[in-house]
Amino acid sequence: MSTSTPFTRRQFLAGTAATVAVGATLSPAVARATALPERTIPTQSAALDSLSIDVTDLEVLTATPTTLTFAWSTFRRPHTDHLQPGERIPSDGEVWLAPVGRGQKLKRVHRSTSRTGFHFITITGLKPDTLYRFSCRSFGKEASPGLWFTNVTGEPEVTKHVRTLARPKGRHLQTVAICNDIHIGMKSEVDGNRKWPSVMVSSMLSELKRRGINRVYVNGDVCDEGVVAEAREMRRIFDQFGEYNRDYFFTRGNHDAYAMQSFTDPDPIRTVFPGHPLQKMWVTKDRKLRVIGLDSSWPGLGSGKIGDAQFQQLERELARDPHTPTLVMAHHPVTTHAAMSDIRMRDGILDKDDSIRLQKIFQKAPGVFFMAAGHTHRAHRDRPDFRDGPEFCQFCCATPYPGGYTLMDFYEGGYTVAFHRTATGQALKQTAQNRYDMFYGFYGEYTISRMRNRCFTVMRDMSALR
Ligand SMILES: [Fe+2]
């Protein structure tokens, strides 16, 4: 599959897939089904040997209070889950669903066709906190999980049961969109193309607009090699979405400092964003929510570090108003639990002393309820090191697999956190390619993450955001 298709302004505005926004009014789901004349779809009994068709790579990607999103692929013949993708074939796709415990039989709730053999379907209008039995099928065959990490006991891909998220009590107040690890300029392992992250990001931004979301936070690794050309490209794309520090905000990640070995080296980010110096935090208000972005990047380091001046800046800001609901973000994960659950251990995350100092500062500011991280490219909820500390969570990456963004929906009685795969035609095509091309198909094993880490609800009094 080619990845070099230029992304035109018209596509940016309109999206490329036949998309429909349906269902609930909050973070409305964007469902996609590629239309294809029925005559071009091979049938089980005709051209293809039904025994050899492989219906696999099932992913129950996203749950919200009212939606469930499924993905899977159809291959001409059985193939390995890694190394070689095999040949995807056009196919029908069906989702069968029934709530558990009401004696209802599975009912077909969706049928569509895919020219690429890559299915991505969102079912809307579901009941919150409800366990559903499901079956995803092509050619009458049930889709099975491919990635080992979706083939783990208890995961919905194995149990064929999935629960919609609980909806916190009270009114919906606002939605916050966060993405991380966009890696503009990242070279394709297949053809050397460096434009594909731009396509993914443009697709993501067009999808956010379609959801009615006009602000986005980018949590680090905005560039891949941290050079001026990448920073310029990042700015070009985001300036089409809105205005820097009004509609889009970003923190720096380790990749953004790759070209720097010391603080005195030329700073590519600052060349393009003069008001964005190294190791400086920013604060903004998102309606009544305070959002703080910390810079955990440090020239010459892959792990994270926060300098004394930035800590003092943070302490002053929180001491001024410790109770306002506050969402903090920095590129590197923070807690001991994050270190223990990452293959690189502490070397891959925030410096240990800085982590303790940061969490002690949060102890004096009860308004800080959540800290988002990127860097690992996967979703993982990290336990705080101190009692009553905020929620810490790593979010899946935006451009490499699994390719998407995270929405936080705030209600008076809590909030939901849910990863969404970017679902324009171009983005799905790229993600289908990334599934097998990156690290020979093993990249997705680490980044697909567990359902409970990708999508969850936190009950907490958020009425101050009213
Ligand atoms: Fe990254």
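Two strands count as paired here if DSSP finds at least two bridges between them. The strands themselves (E, at least two residues) and the helices (H or I, at least four) are DSSP runs numbered from the N terminus. With that in hand, take β8: it pairs with strand β10 (residues 161–163) in the antiparallel sense over three bridges. Before going on, bear in mind that this is a predicted model, where local features need pLDDT of at least 70, side-chain atom pairs count only at pLDDT 80 or more, and totals for chains, interfaces and linings use all residues. Residue numbers start from 1 along each chain as its sequence is written.

Let's stay with β8 for a bit. In its pairing with β10, Arg133 stands opposite His161. Strand β5 (residues 91–99) is also joined to β8, by six bridges, and the two run antiparallel; here Pro99 has Tyr132 of β8 as its bridge partner. Then there is β9 (residues 141–142), which pairs with β8 in the antiparallel sense over two bridges, with Arg137 partnered by Glu142. β8 and β9 make a hairpin with two residues between them, and Phe139 in that turn has a positive phi of about 50°.

Now look at the faces of this strand. In a regular strand the side chains alternate between the two faces of the sheet. β8 (residues 131–138) has Tyr132, Phe134, Cys136 and Ser138 on its covered face, while Leu131, Arg133, Ser135 and Arg137 lie on the uncovered one.

Zooming out, the chain has 11 helices and 22 strands. Of its 466 residues, 49% count as buried, meaning that 20 or more other C-beta atoms lie within 10 Å of a residue's own (12 or fewer makes it exposed, in between partly exposed, with C-beta atoms placed from the backbone). Call two residues in contact if their C-beta atoms, placed from the backbone, lie within 7 Å. Among contacts between residues at least 6 apart in sequence, 75% join residues at least 24 apart.

Another sheet worth finding is an open one of six strands, in the order β13-β12-β11-β20-β21-β22, with mixed pairing. Its edge strands, β13 (248–251) and β22 (455–459), each pair on one side only. Within the sheet, β11 (residues 172–179) and β20 (residues 404–411) pair in the antiparallel sense over six bridges, and Thr175 stands opposite Asp409.

β21 (414–421) also turns up among the elements that the buried residues of helix α9 pack against, along with β3 (54–63), β4 (68–75), β7 (118–123), α3 (196–210) and α10 (443–447). Helix α9 is largely enclosed by the rest of the structure, because 11 of its 13 residues are buried. Among them are Leu428, Lys429, Arg435 and Tyr436. After α9 comes Phe439, with a positive phi near 50°.

Finally, the core. A nonpolar core is a set of buried Ala, Val, Leu, Ile, Met, Phe, Trp, Tyr and Cys residues joined through C-beta atoms within 7 Å. The largest one has 97 residues, of which Ile178 and Val218 touch the most other members. Its largest share, seven residues, comes from α3. This core draws at least three residues from each of domain 1 (33–163) and domain 2 (172–465), with bounds from an automatic or database domain assignment. Leaving aside residues up to four places away in sequence, Ile178 touches Tyr217, Asn219, Met329, Ala372, Phe395, Tyr405 and Thr406.
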